[in-house]
Amino acid sequence: GSYRLGVHGRGSDIDALVVGPSYVDRDRDFFGALAAALAETAAVAELQPVPGAHVPVIKMRFHGVQVDLVYAGVCLPVVPGDLDLSGRSVLRGLDLATARSLNGVRVADEILRLVPDAAAFRTTLRCVKHWAKARGVYSNVAGFLGGVGWAILVARVCLLYPNASPSMLLPRFFRVFARWKWPSPVMLRAIEHDDGELGLSLPVWDPRRNPRDKIHLMPIVTPAYPCMNSGYNVSHATLRVITEQLAVGDAVCQEIVKAGSGGGGWDKLFQPFNFFGAYKSYLQVAVTVTGGEEDDLREWMGGVESRLRLLSARVEADTSGMLLCHLHPQPYAAEPHNEPRRRRRTSSFFVGLSKPPAQPQQQQHQLFDLRATTEGFKEEVYMYDYWRPGMEVAVAHVRRKDLPSYVLRQLLRSPGRHDQLKRKRADDDPSSSPAASDHSASSSSSRDAKRPAGAPGRIGSSFEKKT
């Protein structure tokens, strides 16, 4: 992760790899015995084992620092202290989940080996990560890009301009990828296959051999065997947002370069995206736990968050692209609500809704009924393996002027975010924004121990599009 690449900073989490011998079982010993021991450790908080993740992980806070712990059991009776993870032989006899766990270290080391100037790479990557977080496009789970994806993109530009300084690499990064013809893959080296040499037979991203790899929208290929697409979660909706933000970044960089030293510096590149000022209508996905603790809400939020990109895809598909979605990866927590018997905790995600550019033949009213769309999404969410009674999710349509008060309060506390609260009267005119006749959305009662089918919830019966 960022520590291995040397680009960590204040608030960075630690991605740590535990390597064990062949007789240690991941499920029994790592997620069983070790997780139980960590749960009894005073220095550990917010413990959350996720054995079913793409890369099985134990999430926790250790002495206040966020740590993601992954495990890889290698085919050795004893693990030497100087074990070399760079060679392919270490992968012999491993399953895919273990290979993915090892690849975090292997990919980071390979990136640093390939870039011509590690110092210039690190400085540029720090800037790009800071920009991506400010613009809301840094989140692998939400369908954007995570740290590895952005690192590979920066490394590709470093290979294109091996002698450039960071002040030259940053504008060229935006210039290159604002014009990149996706789904042409970004690769740091040629794709390698084992082809029986070591008997590994691990799946490798290669659309020439694997037809399903052709459907990937934003292939950013890891440089270590087995090569994987770090942008596998990117959807049509998130790809559109990423490319839009890259284009904005390119335009800002060109202005900065033209202005030179008198242009006010790079601060304008890192201005946060005004998400709650950019759209008139939103889908609010409220995640609630009744009767549980903070850890229960955090766990349930993780299950819902991992499926949020499916909601954007469903809305765009069910409206034939006439409603466009922009998922905001940051959740907003409501103040806990104390009921007479049970305590309710809620946190909400938001999806901005917009219209594509109007075409002459579209000068008409158009209605969208999203009830079936959101019910289908909720049914998928309630398939979460660790669902328990009291875990609820609700989807509602809200206009910007009707955002929950706790969202507005958190925006006021965020530095540089006061402009998100400014509203123009014309923007809040119901006749100029998508409208819903019913804004309510409900979910199953936590008193019912049966897993909800998602059916009780309702989103506004129609969205009206005026062009």
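These are my notebook entries on aromatic rings and their neighbours in this predicted model.

**Entry 1, aromatic pairs.** I began with a tally, and it came to 22 aromatic pairs. I then picked out Phe177 and Trp180, whose ring centres are 5.4 Å apart. Their planes meet at 40°, so I noted the pair as tilted, since that angle is neither under 30 degrees nor over 60.

**Entry 2, a second pair.** I turned to Tyr384 and Tyr386, which also form an aromatic pair. Here I found 5.8 Å from centre to centre and 65° between the planes. I wrote this one down as edge-to-face, because edge-to-face applies to planes over 60 degrees apart.

**Entry 3, burial.** Which of these four residues are buried, and which are partly exposed? I looked up Phe177 and got 1% relative accessibility, so it goes down as buried. Its partner Trp180 has a relative accessible area of 24%, and I listed it as partly exposed. Tyr384 is buried at 11%, whereas Tyr386 is partly exposed at 40%. The cut-off I needed for these calls was 20%, with buried lying under it.

**Entry 4, a cluster.** I went back to Phe177 and Trp180 and saw that they belong to one aromatic cluster. Its other members are Trp131, Trp150, Phe173, Phe174 and Trp182.

**Entry 5, charges over rings.** I also checked arginines against tyrosine rings. Arg88 has its charged end over the ring of Tyr225, 4.5 Å from the ring's centre. For Tyr161, I found Arg172 lying over the face, with 4.5 Å to the ring centre.

Conventions. Residues numbered from 1 in each chain as written. Predicted model: local features only at pLDDT ≥ 70, side-chain atom pairs only at ≥ 80, totals over all residues. Heavy atoms only, no water. Phe/Tyr/Trp six-rings, centres within 6.5 Å; stacked < 30°, edge-to-face > 60°. Buried < 20%, exposed > 50% of the residue type's maximum accessible area, 1.4 Å probe, protein only. Lys NZ or Arg CZ within 6 Å of the ring centre and 35° of its normal.
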